[in-house]
Amino acid sequence: MNEFLELEEKIVSVLKTVYDPEIPVDIYELGLVYNIDVNDNGIVNIDMTLTAPNCPAGEFIIEDVKQKVEGIEGVKAAIINLVFEPEWTKDRMSEEAMLELGML
């Protein structure tokens, strides 16, 4: 397997351990992660959003993502880009997340 794909899979696995403290579903299944880009130097850029721009747990979530991703072997640094375009909607959630939250 391509080492970039392997690293991306590890990143996704780690992102699935990050939760918004108010929602019992991880940020990846919630659809808060828009893009993961790994470059040749082991720098990971992650574009992500929050369920609301004024999310009180926002700083905690971003720091949790940064620490966990930077803990992966092969990752030199994680740059977390908080974006609000496109705006997050529940349509971005996985079926698993919707089921967990009783929306299906």
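1. In this predicted model, Lys 66 and Glu 70 are four residues apart in helix α2, so about one helical turn separates them. Their side chains form a salt bridge in which the closest N and O atoms are 2.8 Å apart. Lys 66 is partly exposed, with a relative accessible area of 29%. Glu 70 is also classed as partly exposed, at 30% relative accessibility.

2. Helix α2 holds a further pair, Lys 68 and Asp 64, again four residues apart and about one turn of the helix from each other. This pair forms a salt bridge as well, with 3.6 Å between the closest N and O atoms. Lys 68 counts as partly exposed at 28% relative accessibility. Asp 64, by contrast, is buried, because its relative accessible area of 16% falls under the 20% limit.

3. The search of the whole structure finds three salt bridges. Besides the two pairs in helix α2, there is a salt bridge between the side chains of Glu 29 and Lys 16, with an N to O distance of 3.2 Å. Both residues lie in the loop between α1 and β1, so the pair ties together parts that are 13 residues apart in sequence. Glu 29 counts as buried at 9% relative accessibility, whereas Lys 16 counts as partly exposed at 34%.

4. The loop between α1 (3-15) and β1 (33-38) also contains Asp 26. This residue deserves separate comment: Asp 26 is buried, yet it has no salt bridge. The nearest side chain of opposite charge is that of Lys 16, 6.2 Å away; a salt bridge would require a side-chain nitrogen within 4 Å of a carboxyl oxygen.

5. What does the side chain of Asp 26 reach at 2.9 Å? The partner is the backbone nitrogen of Tyr 28. A polar atom of the Asp 26 side chain also lies 2.8 Å from the backbone nitrogen of Glu 29. Glu 29 therefore appears in two roles, with its side chain in the salt bridge to Lys 16 and its backbone nitrogen beside Asp 26. Leaving aside neighbours within four places in sequence, Asp 26 is in contact with Leu 15, Lys 16, Val 18 and Tyr 19.

6. Finally, the strands on either side of helix α2 should be noted. Strand β2 (residues 43-48) pairs with strand β3 (residues 77-82) in the parallel sense, over six bridges. Within this pairing, Asn 45 stands opposite Ile 79 in β3. The chain passes from β2 through helix α2 (residues 58-70) to β3, and this β-α-β crossover is right-handed.

Technical notes:
Residues numbered from 1 in each chain as written. Predicted model: local features only at pLDDT ≥ 70, side-chain atom pairs only at ≥ 80, totals over all residues. Heavy atoms only, no water. Pairing = 2+ DSSP bridges. Right-handed = clockwise from strand over helix to strand, strands pointing away. Buried < 20%, exposed > 50% of the residue type's maximum accessible area, 1.4 Å probe, protein only. Lys, Arg positive; Asp, Glu negative; His and termini not counted. Polar contact = N/O pair within 3.5 Å; in protein donor to acceptor, adjacent residues only side chain to side chain. Contact = heavy atoms within 4.5 Å.
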